[in-house]
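Reader: I would like to go through this model label by label and hear, for each one, what value stands behind it. Could you set the values against the cut-offs where a cut-off decides the matter?

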Amino acid sequence: MRNKTKLFWSFVFCLVMYSSTSFATGPRVAPSLFVANVNQIHAMEFPPFISSTAKNQGLLIELIKRVLKAEKIAGDINVLPSQNMIKYYFSRENALAMIGHDFNLNKSEQKKALFIPVLSTDEYYFSYNSAERAALNWNGKLSSFQDKTYGTNKGASVKKYKAAGIKIKYARLQALLKKMQNQEVDFIREPELTVQTLTEQYMPNEKHLFVRLEPKAGEILLGIVFNAEHPDGRGSAKKFKQGLNKIIANGEFKSILQKHLGDDANMLSYIKHLNVK
Amino acid sequence: MKYMVTLLGLFFLANSNIALCFDVVEPEEVGLSTERLKRVDQLIDQHISEKKIAGAVTLIARKGEIAHLHAAGLADINKPMQADSIFRIVSMTKPITSTAIMVLYEQGKLLLSDPVSKYIPEFKNQKVIEMLPKGSDFPYKLVPVKREVTIHDLLTHTSGILYLASTGWFPNDKREQVVSFYRDAGITDGFCRPDETIGDMVKRLAKLPLYAQPGEEWEYGLSVDVLGYLIEVISGQKFDQFVQTEIFQPLKMKDSHFYIPEQKLSRLAADWNSDWKGSLTRVTGPLIDGDLALCPNDAYETSGKYLSGGASVLSTAYDYFRFAQMFLNNGELDGVRLLSRKTVELMTATNHIGEHDATLLHSHGWKFGLGFAIQQDRSHNVDSGDKGVFEWAGYYSTRFSINPKEQTVTIFLSQTSPFGAHFGLWDKVTALSSSAIAD
């Protein structure tokens, strides 16, 4: 009995000593102990497809997360506001993947890029139709925009616009919308959903003045680029393709589209050009 | 003898139309020299006659009493400057925002040592840029922060967050690289009011690399704009509403606003472009100089989304005097206590930034407290009259200076661009104010 009591108090003493040592030496700011997941996936903000403020980070990210989870591909998705940072992480820090569109990769980046398209969508030219200025005429040929100013993000390919005698102004899309209103930019090229989302958020009173020009300008593919030089890159890309095909086949892909887009009659156009093999 | 300058008709309460007046005492009553204060008028009048500035308001107070209030020159074309003219005080907003943070601190809502990510999760896992040696296959690398950015770092400009305009002040490759990320992400300095909320901007900014490890360098930048958003997150109120309720109303700063009410538009002083050699023109559009973008005409907007904690406030000399006098009174004014004496002591302590100096607007020998620069010694180039003087300034040529030892407040408000030529004028105003002490 005496030994048991001694043992008990020894235990209490050790416990107290251990706790006080831990508190005395432990860091006060616990969050600094956390580090980023080793499997990094970086995505470029592109509402509503990729959005740090949207639920589930937007339509494209939700689709990609669904596939990653189903295929047990580990990776934290971080939505960033800078294309240059995303490319830095991909090429310099060997991130597992990056998500977005039009990555403007150089030759060495292209070598290790395994692109898997996830969504396809139509792009349109948009102009701003105000009392002072009517919407532009667009006949399907860039020459109809000669001497006008095209707004796009830095790094985008503008060769054909320059060749058609079109001036170029670079800015983020939100700023371009404002520049269109201020008549600094005459037209932009974007998916309709993107223009709708941003004008609703930032310029609700002028939303109706952004006019979609027919015919469509083209299509873009949004997707994920796996890094062939990452130890899990090639394997993950293979699994991702399989997983994407599965969710297209079993209807999950469509149900996610429906959740974000409602019963849009053109919904299936978002996947019509996917060629996931 | 006390004389009363009744400014009936000049100061109207925004909502009640009740005339507000205040006393201007004989300088000698508070130990200032009338004759010597005239030198301030002469200095300003000379600058106006030489067309270096269009107009200005100067206010000098001592022992809680205004002893000098001088409005001179033009507020706008064919419109004389008035004592109640409203100015873009730009970076003189920062001490107001810092005070708002300290109000929350005194309410027990935050600790200065709190990591910002506790309230704004985007600040987790931040990276710091490190330049690689010349000739490397890539110019830089991003390394994890050694510790997270804290609220204290934001108050003292030691967070590693920059202004884009700093590429013009202190150009170097590292700064250029960080600012290129800012440009890429649509970050602006907020001197032109963007069409977004401060939260939108801060969340993007948080994901971009820092210029230096938190706490390791003094870099004037967007830190106080982050504090503005932090106030929204912690208080649950819009930033401007919080400042209105917790600072402007208690201190009766009736002419201080983030967006000017329509009925006060006629009192807003215009911005003037000066070559400092006699060419003076009223500014009609944005002023762009490299990464520095100023939009003085945004101040005519009566509403908007962007609430910059570092730059948005419009105010008058009298309102800012009330704010400054609260500090001289150790946190209270007219029976209303805004801050405790201990918090004012904390904000004006000189050891917040360690061995670094706040050299941007001053020189070596100036430290940075929680919202303003503080004079630490009297052996350097910029001298505002005493150790312990604290002050800050604004981009369109505004400056305030508070001397706790002599109980003086000095305020100079002009609206003149560009910024760089004004240091000498400001320094002379504070020197003349200091040399008017006659007891």
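Reader: Which residue is the bridge partner of B:Asp76 in β3(B)?

Author: In this predicted model, the bridge partner of B:Asp76 in β3(B) is B:Lys79. The strands concerned are β2(B) and β3 (residues 79–80) of chain B, which run antiparallel and are joined by 2 bridges. In their hairpin, which has 2 residues between the strands, B:Asn78 takes a positive phi near 60°.

Reader: What makes β2(B) and β3(B) count as paired, given 2 bridges?

Author: The criterion asks for at least two bridges between two strands, and 2 bridges join β2(B) to β3(B), so the condition is met.

Reader: How do you know that β1 and β2 of chain B pair, and in which sense?

Author: Strand β1 (residues 55–62) and strand β2 (residues 65–76) of chain B share 8 bridges in the antiparallel sense, and because at least two bridges are required, they count as a pair. Within that ladder, B:Ala56 has B:Ala72 in β2(B) as its bridge partner. The hairpin of β1(B) and β2(B) has 2 residues between the strands, and B:Lys63 takes a positive phi near 50° there.

Reader: Why are β8 and β19 of chain B said to stand at the edges?

Author: The sheet in question is an open one of 3 strands, in the order β8-β7-β19 (chain B), with mixed pairing. Since β8 (280–282) and β19 (416–417) of chain B each have a single partner strand, one side of each is left without a neighbour in the sheet. On the β8 side, strand β7 (residues 272–274) of chain B is joined to β8(B) by 3 bridges in an antiparallel arrangement, with B:Leu280 in β8(B) as the bridge partner of B:Ser274.

Reader: Why are α2(B) and α8(B) called roughly perpendicular?

Author: Helix α2 (residues 93–106) and helix α8 (residues 239–248) of chain B pack with their axes 10 Å apart, at an angle of about 80°. Angles from 65 to 115 degrees count as roughly perpendicular, and the pair α2(B) and α8(B) is therefore given that description. In the contact, B:Ile96, B:Thr99, B:Ala100 and B:Val103 of α2(B) meet B:Phe242, B:Val243, B:Glu246 and B:Ile247 of α8(B); by class these are 6 nonpolar, 1 polar and 1 charged residues.

Reader: Why does B:Met326 count as buried?

Author: B:Met326, in helix α9 (residues 317–328) of chain B, has 23 C-beta neighbours inside 10 Å, and because the cut-off for buried is 20 or more, the label follows. Leaving aside neighbours within four places in sequence, B:Met326 is in contact with B:Leu251, B:Gly331, B:Glu332, B:Leu333 and B:Leu338.

Reader: Are B:His157 and A:Gln183 buried or exposed, and what decides it?

Author: B:His157 has 27 other C-beta atoms within 10 Å and is therefore buried, by the threshold of 20 or more. A:Gln183 has 12 such neighbours and counts as exposed, because 12 or fewer is the condition for that class. B:His157 lies in the loop between α3 (151–156) and α4 (166–169) of chain B, whereas A:Gln183 lies in the loop between α6 (173–181) and β7 (187–191) of chain A.

Reader: What makes the phi values of A:Gln183 and B:His157 worth noting?

Author: Most residues other than glycine have a negative phi. Phi of A:Gln183, however, is near 65°, and B:His157, which is not a glycine either, has a positive phi of about 60°.

Reader: Which peptide bonds are described as cis, and what is omega in each?

Author: A cis peptide bond joins A:Glu214 and A:Pro215, with omega about 0°, and another joins B:Ser417 and B:Pro418, with omega about -5°. A:Pro215 lies in strand β8 (residues 210–227) of chain A, while B:Pro418 lies in the loop between β19 and α11 (423–435) of chain B.

Reader: How many residues of chain B are in contact with chain A, and what classes do they fall into?

Author: On the chain B side there are 20 residues, in contact with 21 residues of chain A. The largest share of that side, 3 residues, comes from β6(B), and by class the side has 7 nonpolar, 3 polar and 10 charged residues.

Note on methods: Residues numbered from 1 in each chain as written. Chains lettered and ligands numbered in written order. Predicted model: local features only at pLDDT ≥ 70, side-chain atom pairs only at ≥ 80, totals over all residues. Helix = DSSP H or I, 4+ residues; strand = E, 2+ residues; numbered from the N terminus. Contact = placed C-beta atoms within 7 Å. Nonpolar A, V, L, I, M, F, W, Y, C, P; charged D, E, K, R; others polar. Axes fitted to C-alpha atoms, helices over the stretch in contact; angles between N-to-C directions. Parallel < 35°, antiparallel > 145°, perpendicular 65-115°, else oblique.
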